[in-house]
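Trainee: Could you pick one spot in this model and give me a close look at it? After that, I'd like you to keep going to the other places you would check.

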Amino acid sequence: MKVDVLLGLQWGDEGKGKIVDVLTPEYDIIARFQGGPNAGHTLEFEGIKHVLHTIPSGIFREGVMNLVGNGVVIDPVIFQAELEKLKPFNFDYKARLVISKKAHLILPTHRLLDAASEAAKGKDKIGSTLKGIGPTYMDKTGRNGLRVGDLFSPKFMEKYNALVEKHKTILDHYPDFDYDISEYETPWMKAIEVLKELKAVDSEQFINDAIKAGKKILAEGAQGTMLDIDFGTYPFVTSSNTVTAGTCTGLGVAPTKIGNVIGIFKAYCTRVGSGPFPTELDDEVGERIRKEGFEFGATTGRPRRCGWVDLPQLKYAIMINGVSELSMMKADVLDKFDTIRVCTHYMIDGERYDYFPYDVNDVEVTPIYEDFKGWNCDTTKLSSFDDAPKELKDYVLYLERNLEVPITVVSVGPDRKQTLNNKVLA
Ligand code: GDP
Ligand code: IMO
Ligand code: MG
């Protein structure tokens, strides 16, 4: 069996958690391959909303294993809090979870370094979630990091203290930054004991054995393509490879073992944090999208920046990821809009761009739009895409033709049930 991949095509928060949860019954294993507690994946069913940060979104389904891969970075305190939130639902979550011994640990001092670095950047800050993601991946590539497997070593405290000392010397370079390590270190030390109770595995072996045994596996991405460290809007990105290639390095799956790649995008577009966003709407229309879509971060609560769907950006993301099918999310958010716009290309310095260019940070990018008539009706109660209003079908068809990939799912609400299959058009 090949490993299917589900990932975001925009700047994150596309609705990955919801669709992973919807698709989980078709799979035996759900595997997170990168990112960490900067992610906030929302699932909604039976009137309850769940937000997951590090735990894969298959956790609520019986009989499914959830793997936290080697490419993920783990904050034990946040992980413990996530586990606590699962307790009231009375299922054996420990039996459904395995963690890679090679996943890196976010130390209390990584969070401090993140905060110090962002504060020092002032107005140029990235708008990080301040979860310590950047410094942890820096220590990984700098070959200083601590991994889950180290927790079981008798030398763990020695390694921990050595790294903390190194971090303190870096923190000394930020004289205006005050900190108190013990505030976060005490709960951290308690939380690693909880982490140690979970099953730590050689995850690359685990997943390749599962592939051989014919198990169905879905790799769950975090963030989105435009936040990828290599292909995103650098430097306003996260510190991992959020794209399909990240599945290979973040799980130990060979490229020849990748199957379907499901790309998720919103029927419009959002971004949280700093950085370029060509179709951003800094007006009352953007404000309306934010209100209708309840566009506030699942991890930080920050208002998300809103704008129209962007074809050059989506085409770029589809190319990088080798997307084989698309899910269009939050169509219902546009239910009350008379006009819906799609950016078809950009004008930069009088030149037309049909693709996402290198420099969108320091130049003026003018998005050129094509307008569509809104459907102006409630789509949240639809049970079949066949019954969707003509204007929504036209919108989907237009996007499919231009993106040259079938839109197999149209989502019309946060609940599991508000998910329409559109395999007919595929
Ligand atoms: P993720 O990070 O990609 O998993 O996405 P988030 O959970 O951060 O953000 C998506 C938000 O949209 C969550 O609040 C979801 O409950 C919600 N959502 C997902 N799909 C839909 C949809 O089709 N319609 C509406 N109205 N909300 C949705
Ligand atoms: P999910 O998985 C949206 C953004 C931050 C910031 C930049 C770097 O829920 O889609 P970091 O904390 O990684 O140093 O932040 O990336 N960011 C996200 N935006 N969704 C996410 O995850 C994000 N994770 C990070 O806002 O701009
Ligand atoms: Mg999110």
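Mentor: Let's start with Thr169, which counts as partly exposed because its relative accessibility is 47%, and that class runs between the 20% and 50% cut-offs. Keep in mind as we go that this is a predicted model. Thr169 belongs to helix H5, residues 156–171. Follow its side chain and you'll find a polar atom 2.6 Å from the backbone oxygen of Lys166. If you want a sense of scale, jump from Thr169 to His345: they are 176 residues apart in sequence, and their C-alpha atoms are 48 Å apart in space.

Now put another threonine next to that one. Thr136 lies in helix H4, residues 133–141, and its side chain reaches the backbone oxygen of Gly132 at 2.6 Å. So we have a side chain to backbone oxygen contact at Thr136 and another at Thr169. The surroundings are another matter: Thr136 is buried because its relative accessible area is 1%, under the 20% limit, whereas Thr169 is partly exposed.

While we're on helices, have a look at Phe206. Its place is in helix H7, residues 203–212, and at 23% relative accessibility it counts as partly exposed, so it sits on the partly exposed side of the 20% cut-off for buried. Phe206 and Leu251 are 45 residues apart in sequence, with 9.6 Å from C-alpha to C-alpha. Leu251 falls at the end of helix H8, which spans 244–251.

That brings us to the loop ahead of H8, with strand E10 (217–220) on its other side. Pro235 sits in that loop, and the peptide bond joining Tyr234 to Pro235 is cis, with omega at about 5°. That's worth a pause, as most peptide bonds are trans.

Two backbone angles deserve the same kind of pause. Most residues other than glycine have a negative phi. Glu46 isn't a glycine, yet its phi is positive, at about 50°. You'll find Glu46 in the loop between E3 and strand E4, residues 48–52, and it counts as exposed because its relative accessibility is 71%. Asp349 goes alongside it: phi is near 50° there, again positive in a residue other than glycine. The loop in this case runs between strand E16 (339–348) and strand E17 (351–353), and with 76% relative accessibility Asp349 also counts as exposed.

E3 is a handy bridge to the ligands. Ligand 1 sits in the second largest pocket, and the elements that give two or more residues to its shell are helix H1 (16–23) and strand E3 (41–45). H1 supplies the largest share, three residues. In total 19 residues surround ligand 1, with Gly15, Lys16, Thr42, Asp332 and Ser411 as the closest. By class, that shell holds five nonpolar, seven polar and seven charged residues.

Zoom in on the polar contacts of ligand 1. A polar side-chain atom of Thr42 is 2.5 Å from one of the ligand's oxygen atoms. Lys330 brings a polar side-chain atom to 2.9 Å from an oxygen of ligand 1, and an N or O atom in the side chain of Asp13 is also 2.9 Å from a ligand oxygen. The protein covers 93% of the 590 Å² of accessible area that ligand 1 has on its own.

Hang on to Asp13 and Lys16 as you move across. Both turn up among the closest residues to ligand 2, along with His41, Thr129 and Thr238. Here 21 residues make up the surroundings, and by class they are eight nonpolar, 10 polar and three charged. Thr129 has a polar side-chain atom 2.5 Å from an oxygen of ligand 2, and Ser128 has one at 3.1 Å from a ligand oxygen. The backbone joins in at Val272, where a polar atom lies 3.0 Å from an oxygen of ligand 2. On its own, ligand 2 has 560 Å² of accessible area, and the protein covers 97% of it.

Definitions and conventions:
Residues are numbered from 1 along each chain as its sequence is written. Chains are lettered from A and ligands numbered from 1 in the order in which they are written. This is a predicted model: local features need pLDDT of at least 70, side-chain atom pairs count only at pLDDT 80 or more; totals for chains, interfaces and linings use all residues. Side-chain values use heavy atoms; hydrogens and water are left out. A residue is near a molecule or strand if one of its heavy atoms lies within 4 Å of it. A polar contact is a pair of N or O atoms within 3.5 Å; within protein, one must be able to donate a hydrogen and the other to accept it, and residues adjacent in sequence count only if both atoms are side-chain atoms. Accessible areas come from the Shrake-Rupley method with a 1.4 Å probe; for residues, only the protein chains shown count as cover. On a 1 Å grid over the protein atoms alone, a cavity is a set of points where a 1.4 Å probe fits but cannot get out, and a pocket is an open set with protein on both sides within 12 Å along at least five of seven lines; lining residues have an atom within 4 Å of a point. A molecule sits in a cavity or pocket if more than half of its atoms lie within 2 Å of its grid points. Helices (H or I, at least four residues) and strands (E, at least two) are DSSP runs, numbered from the N terminus. Ala, Val, Leu, Ile, Met, Phe, Trp, Tyr, Cys and Pro count as nonpolar, Asp, Glu, Lys and Arg as charged, and the others, Gly among them, as polar. Buried means under 20% relative accessible area, exposed over 50%, partly exposed in between (1.4 Å probe, protein chains only).
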